[in-house]
Amino acid sequence: MIPAAVVAAPLDYNAARAIVSLSQPAISPDGKHILFMRSTQDFEKDRRLGQLMLIDVRTKRMRALTTDRHGISDPAWSRDGASVAFLAPGTRDGDSKGKTQIFVLPLEAGGEARQVSDAPNGIDSYAWSPDGSTFAYVTQNDDPDKKAIEQHLDAFEVFDNDYLHQSASIPSHLWLISANGGKARRLTSGSWSLGIVDPYGSSDLSWSADSRRIVFDHYPTADNGDTLGTVVDVIDVKSGKRSALNGVRGERGGHFAPVGDAIAYDRNTGGDPTNGVSVYVTHNGRDAVNVRRNVGRNINGWDWSPDGKSLWLFGPDGDRVAGWYVSADGSSVKRIGFGDVAISTTSNVSKTNAIAFVGTRVHAPAELFYLASPSSKPVQLTSINAAFAKRSYGRVLALHWHNDGFSENGIVTLPPNYDARRAYPLVLIVHGGPQSASTLAFSVQNQVTASHGYIVFNPNYRGSTNLGDAYEHAISRDAGDGPGRDVMAGIAQLERTFKVDRSRMAVTGWSYGGYMTSWMEGHYNIWKAAVAGAALNDWTDDFNLAFYVYTDVPWFPGPPGNPKYAPMWRAQSPITYAQNIKAPTLIMGDIGDNNVVITNSFKMYHALRDNGTTAEFVAYPVHGHFPGDPAQSEDVYKRWLAWLDKYLQVTK
């Protein structure tokens, strides 16, 4: 008797628990080894477990450098490649125990990692000097009101912060400590700061090649809403003399070239936050050159070549993530393709001009890759998630259309065993940002949703970062109407390509994807169901209650408190059109979200119920824009899918 063929099972959320996450690759100076973080999910204890791994590029042999250690991050190499550093909770007795500190681990000697720092308030970011002698790091100041707070006098002045703040913002500053440990030396002080807690975190630090200077981001205050005023500073390590690189607002991320005195930094083109990110190169703050000018795409990541004559740039480009190798004057551009591999995070650049990166394929989760040069092809180094190749996946493809003079695109995931003769329900999963993009990459949510018998569509509406500067900027002053037309034009093209059951269509998304969900519901009465996660429903709440404050203003002609501009803020808020919403809507969000504050969700929930629309509101009692623990994160996606199954009436 011939056995029946074994049919591969589609991906589901229970199976996806076993997917291993890879992140933070760091390539050794000689390009022969790579550090990276390997993370798994422990659902029993509801936590993520991380290991620092080392892999040999030639042999692909891996070994764990740390075991049973929580909170490890930010691995870095010494310039000679003999030791590695990382951040982890401190182990020494004292007030700083458990606070994030710098550790150093010699690779040849073996043994335990040695704790170098003992910063009382922990360390937010750090950098190892090229000569190997010193660490620079950023740490928050002591609270100047500590004594008053101990006496229960804990009132504070709010300034430009979100409504969830429970204390005054405290600046972070720059310190130095010997690589052998000892007493730390403060380099900067003042009411300004090298970072804020949310959402931008702490400044990167970059040493000059001679280890005499450090470049960093200078925030005007530690308040969340003042980030538009960031400039790049350079400080002399010996004298402590500090000066602005050029004093232009909106600059950040300064990095010295490995040789010479050139500094590269990034800034939104023209200084407008609604434009794409450009990379500039300057010598001593004079005659800055936009090296991205001939690329025309938003840059998500970049680094210097080892000779300081070129830069690697990375960002979404149409259907995929691409790279560009550009000369330091921007005149020469070589596009780097990665085949069917989608980059998620990249490493530093080795002395041999090699990089490492974490990437996925549409039917394969994250693995580690190596690229020997801008002209070579990626080499896959790991097969950590190889077991998932045995799953049954839906076909993933890019869809293209035109609207309002723009060439637009999106990503489509078909159900496994798709039958072109059938009409399928359609589920939109709209990306957030809006300055983000959906590209050809592995997506657990898309594949699991498609496996329930849906065509899944991820449209790139105006504001997305993968279709050029004009497209990204087009969302300015047009937060909903234009993007809505883009999405509808994409649906029309999808219907010309595949059979769609128009009686069973759903729109869903998180963050700005949630905004687009609420907007599409209020303007197009075509939906059978909707899921609005952390939806920005009221722009004035975003300005008044979230951490954005004045960083929202570039999206409009002026602030909402000015009667001249208030009508536009109302007109572009989905809550204004809540009475038009008819589709059963699942609303979700975090109680402690200071990005899109949950008042947005409360308003929409009550407005829908007041108008007789079916609505369910689920809140997670956590801080952040999306639950960070495995259990509640998975719960979001399971509720999301269950709502679709309930109202689109599809069974597996």
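1. Start with the right-handed β-α-β unit, built from strand β35, helix α9 (residues 599-610) and strand β36. Right-handed here means that, with the strands pointing away from the viewer, the path from the first strand over the helix to the second runs clockwise. Helices (H or I, at least four residues) and strands (E, at least two) are DSSP runs, numbered from the N terminus.

2. A word on the source: this is a predicted model, where local features need pLDDT of at least 70, side-chain atom pairs count only at pLDDT 80 or more, and totals for chains, interfaces and linings use all residues. Residues are numbered from 1 along each chain as its sequence is written, and side-chain values use heavy atoms, leaving out hydrogens and water.

3. Now look at how β35 (residues 585-592) is paired. It runs parallel to β36 (residues 615-623), joined by seven bridges; one of the pairs is D590 with Y620. β35 also pairs in the parallel sense with β34 (residues 529-533), over four bridges, where A530 partners T585. Strands count as paired if DSSP finds at least two bridges between them.

4. How many of the eight residues of β35 are buried? Seven are, with buried meaning under 20% relative accessible area (1.4 Å probe, protein chains only).

5. Finally, visit S278 in strand β19 (residues 277-283). S278 counts as buried because its relative accessibility is 0%. Beyond neighbours within four places in sequence, its contacts (heavy atoms within 4.5 Å) include Y265, D266 and R292. The side chains of S278 and R292 also share a polar contact of 3.1 Å, that is, a pair of N or O atoms within 3.5 Å, one able to donate a hydrogen and the other to accept it.

Terms used:
Buried < 20%, exposed > 50% of the residue type's maximum accessible area, 1.4 Å probe, protein only.
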